[in-house]
Amino acid sequence: MPRLFTALEIPRNAAMSLSLLRGGLPGARWIDVENYHITLRFIGDIDGRTADEVVDRLDRIDRPEFQINLTGMGSFGSKKPHSIWAGVSPSPEMNALQAEIERICQKIGLPPDPRKFMPHVTLARLRNSRLDDVVHYLSGRGNFRTSPFGIGRFVLMSSKESVGGGPYIVEEAFPLHEARSSSSFSSNELHPVKSML
């Protein structure tokens, strides 16, 4: 069974902006553009019955579409950096979606995710990169930012354990519903006008 995780996809425009950040860092193995994503919840290797249950529960999520943008850059592994990432703007809707997926996974019997949710897009895995080189690379790119983009669905993806950084396959997609602001209701919808006939 492949490793499963839930994620948000990165649209082409934002992915192209991210691709311009590739290069200039010795020891970096850059993630292919088509494999950029924001992991919401790592699920791991599970049996087919559990996978079906996960899909069934995720399919019941009813949350609105939302917007985010990518902003800033950083690395994981403070003294010995092992990856470079682009950050994601704070989003209450994204956090609520992630929290609901986490609750679903725990209800099914999966162990709680030990890591605090920190939305990001992994750009490169590092092998023997010097800390000075990483600091230098990041210092010239800290003000990175994309235009806001809409998130209309989240996906269940799979990866093969043997290959870090892809290829990732979308196994299932779960649409979010159109966000309706309170101003989009006319007062007639809220208080039907009684007919005078």
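## Exercises on a predicted chain

Asn 69 sits in the loop between β4 (66-68) and β5 (70-76). Helices (H or I, at least four residues) and strands (E, at least two) are DSSP runs, numbered from the N terminus. This is a predicted model: local features need pLDDT of at least 70, side-chain atom pairs count only at pLDDT 80 or more, and totals for chains, interfaces and linings use all residues. Residues are numbered from 1 along each chain as its sequence is written, and side-chain values use heavy atoms, with hydrogens and water left out.

**Exercise 1.** Decide whether Asn 69 counts as buried or exposed, and list what Asn 69 touches.

*Solution.* Step one: apply the cut-offs. Buried means under 20% relative accessible area, exposed over 50%, partly exposed in between (1.4 Å probe, protein chains only). Asn 69 has 8% relative accessibility, so Asn 69 is buried. Step two: list the contacts (heavy atoms within 4.5 Å). Leaving out residues up to four places away in sequence, Asn 69 touches Gly 87, Val 88, Ser 89, Arg 145, Thr 146, Ser 147, Pro 148 and Phe 149.

**Exercise 2.** Give the strand order of the open sheet that contains β1, and find its edges.

*Solution.* Step one: pair the strands. Two strands pair if DSSP finds at least two bridges between them. The order is β3-β1-β9-β10, with antiparallel pairing. Step two: find the edges. β3 (37-45) and β10 (168-175) each have a single partner strand, so one side of each lacks a neighbour in the sheet. Step three: take the twist, which averages 25° from one strand to the next. Axes are lines fitted to C-alpha atoms, for helices over the stretch in contact, and angles run from 0 to 180 degrees between N-to-C directions. Step four: check one pairing. β1 (residues 3-9) and β3 join over seven bridges; Arg 3 has Asp 45 in β3 as its bridge partner. Step five: add the helix. α3 (residues 92-108) lies across β1, β3 and β9 (153-159), at about 5° to β3.

**Exercise 3.** Do likewise for the open sheet that contains β5.

*Solution.* Step one: the order is β2-β7-β6-β5, again with antiparallel pairing. Step two: β2 (28-30) and β5 are the edges, each with a single partner strand, so one side of each is left free of a sheet neighbour. Step three: neighbouring strands are turned by 30° on average, direction ignored. Step four: β2 and β7 (residues 120-126) pair over three bridges. Trp 30 stands opposite Ala 124 in β7.

**Exercise 4.** Describe the nonpolar cores.

*Solution.* Step one: define the set. A nonpolar core holds buried Ala, Val, Leu, Ile, Met, Phe, Trp, Tyr and Cys residues joined through side-chain atoms within 4.5 Å. Step two: the largest core has 49 residues, and Leu 18, Ile 84, Leu 123 and Phe 154 make the most contacts inside it. α3 gives the most to this core, with six residues. Step three: a second, separate core of five residues includes Phe 5, Ala 7, Val 155 and Tyr 168.

**Exercise 5.** Classify the ring pairs Phe 5 with Tyr 168 and Phe 154 with Phe 174.

*Solution.* Step one: set the rule. Rings of Phe, Tyr and Trp (its six-membered ring) pair if their centres lie within 6.5 Å; planes under 30 degrees apart count as stacked, over 60 as edge-to-face and the rest as tilted. The count comes to four aromatic pairs. Step two: Phe 5 and Tyr 168 have centres 5.4 Å apart and planes at 85°, so the pair is edge-to-face. Phe 5 lies in β1 and Tyr 168 in β10, so the pair ties together parts 163 residues apart in sequence. Step three: Phe 154 and Phe 174 have centres 5.0 Å apart and planes at 25°, so the pair is stacked.
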